[in-house]
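Please open the model in a viewer and keep the sequence panel visible. The stops below proceed from one selection to the next.

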Amino acid sequence: MTFIRPRRKITQADWALYTQKRAPLAQDPAIQRFFETPPPSLDTPIAEVPMVALDMETTGLDERRHAIVSIGLVPFTLGRIKLAERRYWVVKPPRPLNEASITFHHITHSEIANAPDLDAVINPLLEALAGRIVVVHFRHIERPFLDAAIKARRGEGVMFPMIDTMSLEARLHRQKLWARFRRWLGRPPVSIRLDASRRRYGLPSYQGHHALIDAMATAELLQAQIATHYEPSTPLSALWT
């Protein structure tokens, strides 16, 4: 049985119900285990939330036409980044790489020649994500790409709530009155890309477009955002999407 995702946007209040409904409907054992481990409740203080930073390199930006080539993840909490539990996979896309994507993510034909298909890493990947809030920088990549890729291989997709560090930066630098006034004056908007966002908090620059490094950079960015603009007692509901 394939679970049909509702057309309307899933709101924060829907996630718990969504998870409860998906668990008994799941046909794949790994997907069933994933949904049997629900995310923290909305009122959990962010200091008590187990999280995992996730980043992917892909062959393009459209999950319907492009594919995942690498995945990096780093479990963390507000007080600790668990580098010993980090994971990184290079996977073989179903279509050949193009030169534009190689220039972007630097993963070459030789690197994917003997790489496994994504299906081989779905089980450990879902195990690492289960019960944690996924943290990304730009939510329109990881969630739709992973959902589409798992659905193509297992017949049913996976959706989950996330914290998007780019969205948190947008709240501060793109959506406030001062940001609108800057646009009215014709000034360029403040950059909310990962490296530019990190520099605002005094975090060092890392090599970009490597899934594991970007995952670690995202975890550090969220820690800095919370320390600067929020409190450890801030409920998860104020941050996730």
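Select helix α7 (residues 165-173) together with β4 and β5: the helix lies across these two strands and runs at about 45° to β5. Such angles are taken between N-to-C directions, from 0 to 180 degrees, with axes fitted as lines to C-alpha atoms, for helices over the stretch in contact; contact means heavy atoms within 4.5 Å. Helices (H or I, at least four residues) and strands (E, at least two) are DSSP runs numbered from the N terminus. The model is a predicted one, in which local features need pLDDT of at least 70 and side-chain atom pairs count only at pLDDT 80 or more, while totals for chains, interfaces and linings use all residues. Residues are numbered from 1 along each chain as its sequence is written, and side-chain values use heavy atoms, without hydrogens and water.

**The sheet**

Remain with the strands beneath the helix. Strand β4 (residues 133-136) pairs with β5 in the parallel sense over 3 bridges; two strands pair if DSSP finds at least two bridges between them. To see one of these bridges, select V136 and its partner in β5, D164.

Now extend the selection to the whole sheet, which is open, has mixed pairing and follows the order β3-β2-β1-β4-β5. β3 (87-90) and β5 (162-164) are the edge strands; each has a single partner strand, so one side of each lacks a neighbour in the sheet. On average, neighbouring strands are turned by 20° against each other, direction ignored.

Move next to strand β2 (residues 68-76). Is this strand enclosed or open to the outside? Of its 9 residues, 9 are buried, so β2 is largely enclosed by the rest of the structure. Buried means under 20% relative accessible area, exposed over 50%, and partly exposed in between (1.4 Å probe, protein chains only).

β2 can be followed to two partners. With strand β1 (residues 51-58) it pairs in the antiparallel sense over 8 bridges, and T58 has I68 in β2 as its bridge partner. With β3 the pairing is also antiparallel, over 4 bridges; here L73 is matched by R87 in β3.

**From β4 into α6**

Select F138, in the loop between β4 and α6. Most residues other than glycine have a negative phi. F138, although not a glycine, has a positive phi of about 95°. With 32% relative accessibility, F138 counts as partly exposed.

Continue into helix α6 (residues 139-154). Its 16 residues should span 22 Å at 1.5 Å a residue, and the end C-alpha atoms are 23 Å apart, which agrees; the expected span is 1.5 Å times one less than the number of residues. Among the buried residues of α6 are I141, F145, L146 and I150, and also the charged-name selections E142, R143, D147 and R154. Just after the helix, G155 takes a positive phi of about 85°.

**The α1 and α2 pair**

Select helix α1 (residues 15-25) and helix α2 (residues 29-36). They pack at an angle of about 150°, and their axes are 8 Å apart. At this contact, Y18, T19, R22 and A23 in α1 meet I31, Q32, F35 and E36 in α2.

**The whole chain**

Finally, select everything: the chain contains 10 helices and 5 strands. Buried residues make up 48% of its 241 residues. Of the contacts with a separation of 6 or more, 67% are between residues 24 or more positions apart.
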